[in-house]
Structure formats: structure tokens, C-alpha cells
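Student: I have a structure to go through and want each label justified. Can we take the labels one by one?

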Amino acid sequence: MKALCWQGKEKLTVENVDDPRILNPRDAIVKITRSAICGSDLHLYDGYIPTMEPGDILGHEFMGEVVEVGPGVSDLKVGDRVVVPFTIACGNCYFCEQQLWSLCDNSNPNAWLPEKLYGYSPSGLFGYSHMMGGYAGGQAQYARVPYADVGPIKVPEQLSDEQVLFLSDIFPTGYMAAENGDIKQGDVVAVWGCGPVGQFAIRSAYMLGAERVIAIDLVPERLDMADRGHAQIVDYGKTDDIVEVLKQMTAGRGPDVCIDAVGLEAHGHGLPGLYDVAKQRLKLSFDRPTVLRECIQACRKGGTVSIPGVYGGFLDKIPFGAAFNKGLKFRMGQTHMMRYMRPLLERIERSEIDPSFVITHRITLDDVPDMYRIFRDKQEGCIKCVIDPWREGQMQLAA
Amino acid sequence: MEEKITNGTPATEALGQSGNGRLAQAGRVTPLVAGVALSAWSISRRNWPGAAAGVAGGYLAYRALARLRPYRLSVVVGQTINKPIEEVYRYCRDPRNWPVFMKHLEHARSGSGNPRSSGLRSQGHELIRWNTDVEQERENEQIGWLSAEDSPVYTRGVARFQKAPGNRGTELRVALYFEAPSGPLGHALMLALGRDPEQQAREGLRALKAMLEAGEIPTIEGQPHGSRGVTGRMKRAMYRETQVTAPRAA
């Protein structure tokens, strides 16, 4: 089969590899009909995530048709149309039972690796480095899905692939980010980062009772999309002091909830920004926490900082004194997918939201290596692209 | 009928050096003598080649001495398993499940029926022998084991089962001790237990937890991947990885 393989920093190849096969009784094999590139895949592309090996297959947002099931899978059969969550969970450990699916004890074959860095290992993820399990990902034509009786959900015929694909990651992630904010009726929510996760966080915040959502980004088309989601937009490139801007927009209070949907590759300004970039280049730190710092400073006293943005290592110069003395609450983590997929599918079925609004590009597998660069550099108005792994050739990269 | 295995029998001879033969003894003593001689010579020189010889000699002597010492290993690991004590205990007690957490050692029995003289082997060579499967057994609380007097390698250990706080299931704690005399047996034991025996024990317990909770052990061995490139192939050679899913020729 064809698959998108990581070969080094900013080096991706489309290669002909073996088809996946059933390795464990609870596995299933899915023929992928649609897949996508995630903002967090860009951290792999830019070489910020350790433990990648040349030849690793990327991709963790995919859906398709079940073509084979292992003997331990009872509620899926060949022919079922499913969306597959990016986290892998066994369903029976303490964490799965507590609905903390992205913390499953039994889905990371390399659990000892993150244990060394983090103390304990989170669940395995598709296509996201050997530290997170080393599972082959979904930017390919087929994928092996472990614990297939827990993860994949069946989707109804009348919804198109594009309408349900984002249940695999970004819609639940944006929703959990908003839910983690403990939004109360009438709250003001500020969202840094209007990429796809931020877009879903904006719409989810309104679903959960926010009265006003402020959306912050640099890129014009992303601000436009946020505006269409009824957010009040702030152009980050035109302001020197986002904290002051937010204070004025909230008449001296600060937003009740601050959502960091940017993560470790934040664009900083001025000297602090340069400092972060320099440290990253020197491999002294993994992450650039510009946005996290701003969230902490800007948040109102007693407010909540919700962090769906990915971080990997150690952070520097975090204004923890501000966080402590303002009594902030922090909620974060990889999305507990299985908690949200079904309820959000129901919202899509009730036409409360059509997630395909984020799509700007539709491409083939051969387009993908170039697309990573375009996506990262925010060229061509790219916000979200969807891959048809069975389509041949190269499409002109426009929606 | 089990043959008593001692240094010098075919099994240990196959390991490379028979324990007491003159050739074997020479093989152990030579590096030590060479190392000490090199170090002594280097001290008399006052130049860089002399220093290099000193380092080489010192290392040789250290390696030789290490092989002359008995091999001792003590490990304590624990894991919480989301199943009731009775189920965990029953699973651990059944020798048919032991391969789950003893990947590197094969368990073999001799005699029929009531387990007598069972042992652990590595690559066909018996390393540990017990007269009975377990000692100090308290149902749903503890399993202990102690090697037989004529076991090539001495080992003792205990696994303790306790109810975990709240509804978390069972806390399983295991303490292991191995001791092997110097020479080929110690070396074989070291090879069998791998570079990091504490990690082996931890992974064994993790595998046990996965079997009990999820019914399978998570794996990616055998999954597809693209070309590993130069560094990948080098690592494969270094780690002696035998299972390869090669990319198909384009």
C-alpha cells in the first residue's frame, strides 16, 4: 500500500509499504477512505518531537471501512463504516473506566519511554513517535486499529466522510478544550489560535453557554473563519500587548476562560520570543510557551486556563507567581476521545454543526509532502486539508 | 531422570568455557594478567601512548575481575491491576501463564504429575531448578520461591498480593534475587536476563497487567513501515533486530 513516511526533519516521502495485518486478537484493519493532516503533525515535520525513526508512517485523523477483524472483536464487522479516534485505549484499565481514555495503561508498547520522562505513560497514539507507541498512522491506504471494539465508532450512511472525519481528533479536541474551561452561562472566553482546533473550540464554547468568544490569530483567513463562527476577532500581528487588549475588551476584568490552542510552536514577539526560539534551536528546550504565558497573564482572577495545545518537554519562564496569586485553574491533556465521539456525532446528526466548514484543501497522498509545508507556513489560505488516499496523481492544491 | 548439571558437563561446555578445564582457567586469567602488566608498563612511561596503554590495561583488568566475581541481582517492582485479588492470584499461580512475564526464560518440567524438579532454561541450558514450584504460599496473599540446592543458579523471590485502595483492584509487588557463580553460568544468566534485568522484570509485570486487563499485550511488531534509511539499518544491526517488515520493492 502507499503510505506517507517520515524520513527526517522536513523530509517526507510517499512509499510503497506492506499492508498492515492483524497482530493481536482485538485488532481490526480499516481501509482508509479519508484522512487529514493535524496541526500537531507539524511538530513531527519540524523535528520537535523526539523518538521518531525514518520510515515511520504518520497520520492520526482517519476513517474508512472495516476490511478485517481479529477474533476478539465482537461489535464490528467487515463492511462497517467507522471513524477512528487518534488515541488507543483498552477499555478495561482504571483510566479507561474513569473515562480518562487518553491515559490508558495498556496501549503503549513502549511505555517505559515516556515513563522515564514523565513518570508514567499516557495511552498510545497513532503515528506520533515511538514514545507514544510507534503505531503506524493513517496517512496511508490501510491501517491496523488495536482495541477495535473500543475506539472506532460506526457512522450513518446519510453523513458524508467530510462531515464526520473530524470526529477522529479536532472536533472532540476543540470541544474538550471548551468543556475544560468550565464555561458558565454568560462567560467570556478567549481562544488563542484559530487553526482547526481553535475553530471548533470557538463553536463549542458557544454551545456550552459562553456569551462572548474572543479569537486571536495572525492569519487573515483564520480570523475570517473565526468571525463566521461569531467570535470577536483580534489580530495578534497588530497588537503589542495582547494582555492589555483583552483587559480593555473585558472592561478591566480579563476573560473568564483562556484557551491555548496553539501549543509548542507559538510565534512570539520581541525579545522573549527570540529567547524561546534560541533555546529551541540549541535543544535546550522542546517548547515555545509564548501563548501559555499570555493566557496566564490575561486570565481573570479565579479563571481557568484550558490547554489543548500540545507540549512535550520542559517549559521556561512561566509566570507561575501570577497563576498562583490569581488562583487560576489549569485543565489540559490529550483528548479523552471516546467520551466525546458519540455525543458530538449526535450533534452532527441533528445538524447543529457541520464540521466540514474547516476544509480548505482536498488532496491526494502524493500531494501530502508539499502540503505539510504549505500548511505550516499558512500559505494558499490553508486551514485544513483532507486526503483521499486512493486518488492518484497530484491535484492542484486548491479547494 | 534429570542429570545433575555441574560445570564441565555438555550443557555448560556448550556455553563456551567449561568451568574448570585448564583452557578455561587460562582464558579467565590471561586478560587479568595482561591488564595488570599493561598498566604496570604504562606507569613507567610518561607519554601519551603510555597513558593509552594504561587505560586499556585498566579496562582489561576490570573486565577480567568482573568475570571472576559472582553475579548478583536484586529487583523490586510493583504494578496495580484492575482485577480482584482472587483472579490475579489464580492467573499468576498457573504455570501455563508464566511465559507472559518470563519472556526470556523457558519453563520446563521433568517428572510427571505433581511438579517436581521444574526449572528455567535459557536457550536450551538449564539455569535454575526448583524442587517444588512454590514455597511459602498463602492463597490470595503471597507466592514465594526458592531454588533447589543443586540448582546451577541460586534464586529466591516473593510476590505479594494486596487489595488496592478504593476500587482499583490488586496491588502486586514482586521482589527477586539472583545469584550466580562467576564464569559461564553467571554470564549465561546475565545474557538471559538481558542488559537491564530490572527493566525486564518491570516489563514482565506490565505484560501481566495487560493480559489480565485487556486480554492482550500491546505490540507494534510486524506493522508496516517505510524505508529505515542508513541510520535505521545501522540501529537494526546494533540492536540485532530480527523481525523486519521490509518495504515492498516499488
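**Labels and their grounds**

Tutor: Start with a pair of strands in this predicted model. S6(A) and strand S10 (residues 153-154) of chain A pair in the antiparallel sense over two bridges.

Student: What makes S6(A) and S10(A) count as paired?

Tutor: The cut-off is at least two bridges between the strands. S6(A) and S10(A) have two bridges, so the pair qualifies. Within it, A:Val83 stands opposite A:Ile153 in S10(A).

Student: Which other strand pairs with strand S6 (residues 81-84) of chain A, and over how many bridges?

Tutor: Strand S5 (residues 61-69) of chain A does, antiparallel, over four bridges. There A:Glu65 is opposite A:Arg81 in S6(A).

Student: How do you know that S1(A) and S4(A) are paired?

Tutor: Apply the cut-off again. S1(A) and S4(A) share two bridges, and at least two are needed, so they pair. The sense is antiparallel. A:Trp6 has A:Asp56 in S4(A) as its bridge partner.

Student: What is the strand order in the open sheet of chain A?

Tutor: The order is S2-S1-S4 (chain A), three strands with antiparallel pairing.

Student: Why are S2 and S4 of chain A called edges?

Tutor: Each has a single partner strand, so one side of each is left without a neighbour in the sheet. Helix H13 (residues 368-376) of chain A packs on the sheet and touches S1 and S2 of chain A. The helix direction makes about 155° with that of S2(A).

Student: Which elements give two or more residues to the side of chain A that touches chain B?

Tutor: Size of the contact before its elements. Chain A contributes 39 residues and chain B 28 residues. On the side of chain A, the elements giving two or more residues are strand S1 (2-8), strand S2 (11-16) and strand S4 (56-57). By class, that side has 17 nonpolar, 13 polar and nine charged residues.

Student: Why is A:Leu117 called partly exposed?

Tutor: Buried takes 20 or more C-beta neighbours within 10 Å, exposed 12 or fewer. A:Leu117 has 13, so it falls in between and counts as partly exposed. A:Leu117 sits in helix H3 (residues 112-118) of chain A. Its C-alpha atom is separated by 36 Å from that of A:Pro71, 46 residues apart along the chain.

Student: What are the domains of chain A, and how many residues of each are in contact?

Tutor: The assignment gives domain 1 (2-169 + 335-388) and domain 2 (174-332) of chain A. Their centres, taken over C-alpha atoms, are separated by 26 Å. In the contact, 17 residues of domain 1 of chain A meet 16 residues of domain 2 of chain A. Helix H1 (41-45) and helix H12 (337-349) of chain A each supply at least two residues of the domain 1 side.

Student: Now chain B. What makes strand S8 (residues 170-180) of chain B alternating?

Tutor: Its side chains point to two faces in turn. B:Leu172, B:Val174 and B:Phe178 are among those on one face, and they are buried. B:Arg173 and B:Tyr177 are among those on the other face, and they are not buried.

Student: Which strands pair with S8(B), and over how many bridges?

Tutor: Strand S1 (residues 71-81) of chain B runs antiparallel to S8(B) and is joined to it by 11 bridges. Strand S7 (residues 154-163) of chain B pairs with S8(B), also antiparallel, over 10 bridges. B:Leu73 stands opposite B:Phe178, and B:Phe161 opposite B:Leu172.

Technical notes:
Residues are numbered from 1 along each chain as its sequence is written. Chains are lettered from A and ligands numbered from 1 in the order in which they are written. This is a predicted model: local features need pLDDT of at least 70, side-chain atom pairs count only at pLDDT 80 or more; totals for chains, interfaces and linings use all residues. Two residues are in contact if their C-beta atoms, placed from the backbone, lie within 7 Å. Ala, Val, Leu, Ile, Met, Phe, Trp, Tyr, Cys and Pro count as nonpolar, Asp, Glu, Lys and Arg as charged, and the others, Gly among them, as polar. Axes are lines fitted to C-alpha atoms, for helices over the stretch in contact, and angles run from 0 to 180 degrees between N-to-C directions. Domain bounds come from an automatic or database domain assignment.
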